[in-house]
Structure formats: C-alpha cells, structure tokens
Amino acid sequence: MNDRRRSLAVFPGSFDPITNGHLDIIARCLTVFDAVTVAILVNPEKQPLFTVEERVEIIRESHQGDPRVKVDTFTGLLVDYAERAGATVIVRGLRAISDFEYEFQMALMNRHLNSRIETVFMMPAKRYSYLSSRLVKEVFQLGAT
Ligand code: PNS
C-alpha cells in the first residue's frame with residue numbers, strides 16, 4: 001500500500017487575468033506535485049479588470065475535468081491560507097531577473113512568518129518570459145484584439 005502523503009502546492013496570485021505563462025506554471029506544478037490549488041488574492045484595495053468570481057470561473061474553465069487543479073480565493077496572509085489548505089509548498093513563477101527582487105523578499109517574509117511552508121520557483125517556457133497580466137490588461141483596454 002502506498003502511504004505517501006499527497007503533495008499539494010498553492011499557486012497564489014492576482015490572476016487579473018490569468019495568462020498563458022500562469023497556465024504553463026500550473027502544468028509544470030502537476031509534473032512535480034500531486035495537486036495544485038490556484039489561490040486568488042481578494043484585494044479590496046485594487047481595481048481589477050475581472051471580478052474575483054470571473055477570475056475563478058476563467059481558471060476553472062481552463063482546467064475543467066482535471067481533479068488535480070482546484071481554484072480558491074483567499075484574504076489575509078498567504079502562509080495562513082496555505083496551512084489551512086494543507087499545502088506545504090507555495091509556487092511562484094520566475095520569468096526574468098526583474099522578478100527576482102520582489103519574489104525573494106516575499107519568499108523570505110513568508111518563511112519568517114511560517115517556516116513550515118516552502119516557496120518553490122518555477123520558470124515558464126521562454127516564450128512567456130515577458131508576458132504579464134499587466135501588459136495583457138493594458139493592450140486589451142487600449143483596444144487590441
Ligand atoms: O500575482 P501577484 O499580484 O504578483 O501576487 C501577489 C500575491 C497575491 C502572491 C501576494 O501579494 C500575497 O501573497 N498577498 C497576500 C498577503 C501576504 O501574505 N503578504 C505577506 C507576504 S509578502
């Protein structure tokens with residue numbers, strides 16, 4: 001009998017909107033972990049393009065039929081959410097060196113807050129290195145199709 005505990009990763013973010021780079025990271029998570037929960041931060045201080053409900057729906061639709069991918073929302077500290085969810089790993093995508101400083105600070109703060117939760121960085125495919133939700137939003141709002 002296999003009594004290995006199932007490994008669950010939390011992939012947190014704003015996902016406003018989710019990009020192909022995010023989808024690439026989710027696919028990579030599934031090659032390393034048994035399951036991944038995509039956790040959308042509910043941030044009342046931000047004016048999002050898509051509501052939280054829309055973002056949940058978009059991500060759910062993109063992974064319909066795959067029971068290994070769950071979508072959830074959270075408020076408050078990410079490490080508290082990860083612990084409640086039963087995850088021991090937070091996954092973040094690293095596209096370019098410009099991501100590093102911010103991600104490093106967040107990872108160290110999260111470790112300070114809860115050393116039981118490990119942050120793992122994954123690189124998306126090279127073609128997504130310069131793709132971001134902010135750019136997708138901007139070109140969409142300026143009328144690009
Ligand atoms: O996609 P984003 O906007 O870069 O994701 C940032 C996110 C949601 C991962 C980050 O803002 C976060 O974890 N917020 C929750 C609050 C928290 O735990 N802060 C302390 C860690 S620095």
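Which side chains meet in a salt bridge at 2.5 Å, N to O? In this predicted model, the side chains of Arg 28 and Asp 24 meet in such a salt bridge, with 2.5 Å between N and O. Side chains of opposite charge can pair when their charged atoms come close. Arg 28 and Asp 24 are 4 residues apart in helix H1, which spans residues 20–32, and they are therefore separated by about one helical turn. The two partners can also be described by their cover: Asp 24 has a relative accessibility of 12% and so counts as buried, since buried means under 20%, whereas Arg 28, with a relative accessible area of 32%, is partly exposed.

A search of the whole structure finds 8 salt bridges, including the one between Arg 28 and Asp 24. Another of them joins the side chains of Arg 68 and Asp 66, where the N to O distance is 2.9 Å; Arg 68 is partly exposed, its relative accessible area being 36%. A further salt bridge is formed by Glu 103 with Arg 92, and here the closest N and O atoms are 2.8 Å apart. This pair links distant parts of the chain, for Glu 103 belongs to helix H4 and Arg 92 to strand S4 (residues 89–93), with their positions 11 residues apart in the numbering. Both Glu 103 and Arg 92 are buried.

Arg 92 also takes part in the surroundings of the ligand, which is enclosed by Gly 13, Ser 14, Leu 41, Phe 74, Gly 76, Leu 77, Leu 78, Arg 92, Tyr 102, Met 106 and Asn 110. An N or O atom in the side chain of Arg 92 lies 3.0 Å from an oxygen atom of the ligand, while for the side chain of Ser 14 the corresponding distance from an N or O atom to a ligand oxygen is 2.6 Å. In the case of Leu 78, a backbone N or O atom is found 2.8 Å from an oxygen atom of the ligand. On its own the ligand has 550 Å² of accessible area, and the protein covers 74% of this area.

Gly 13, one of the residues around the ligand, also belongs to strand S1, where it is buried on one side together with Ala 9 and Phe 11. On the other side of S1, Leu 8, Val 10 and Pro 12 are buried as well, so that both faces of the strand are covered. Strand S1 comprises residues 8–13, and 6 of its 6 residues are buried. It is joined by 6 bridges to strand S2 (residues 35–41), and the two strands run parallel; within this pairing, Ala 39 in S2 is the bridge partner of Pro 12.

Attention then turns to the surface. Ile 97, Phe 100, Phe 104 and Leu 108 form a nonpolar patch there, and together they have about 410 Å² of accessible area. Ile 97 is placed in helix H4, which covers residues 97–113, and because its relative accessibility is 76%, Ile 97 counts as exposed.

A last set of results concerns Ser 62, which lies in helix H2 (residues 52–62) and is partly exposed, with a relative accessible area of 36%. The side chain of Ser 62 makes a polar contact of 3.1 Å with the side chain of His 63. Ser 62 and Ile 18 are 44 residues apart in sequence, and in space they are 9.9 Å apart from C-alpha to C-alpha.

How values were computed: Residues are numbered from 1 along each chain as its sequence is written. This is a predicted model: local features need pLDDT of at least 70, side-chain atom pairs count only at pLDDT 80 or more; totals for chains, interfaces and linings use all residues. Side-chain values use heavy atoms; hydrogens and water are left out. Patches are made of residues with over 30% relative accessible area and no salt bridge: like charges are joined within 9 Å, nonpolar side chains (Val, Leu, Ile, Met, Phe, Trp, Tyr) within 5 Å. Accessible areas come from the Shrake-Rupley method with a 1.4 Å probe; for residues, only the protein chains shown count as cover. A salt bridge is a side-chain nitrogen of Lys or Arg within 4 Å of a carboxyl oxygen of Asp or Glu. Buried means under 20% relative accessible area, exposed over 50%, partly exposed in between (1.4 Å probe, protein chains only). A residue is near a molecule or strand if one of its heavy atoms lies within 4 Å of it. A polar contact is a pair of N or O atoms within 3.5 Å; within protein, one must be able to donate a hydrogen and the other to accept it, and residues adjacent in sequence count only if both atoms are side-chain atoms. Two strands pair if DSSP finds at least two bridges between them.
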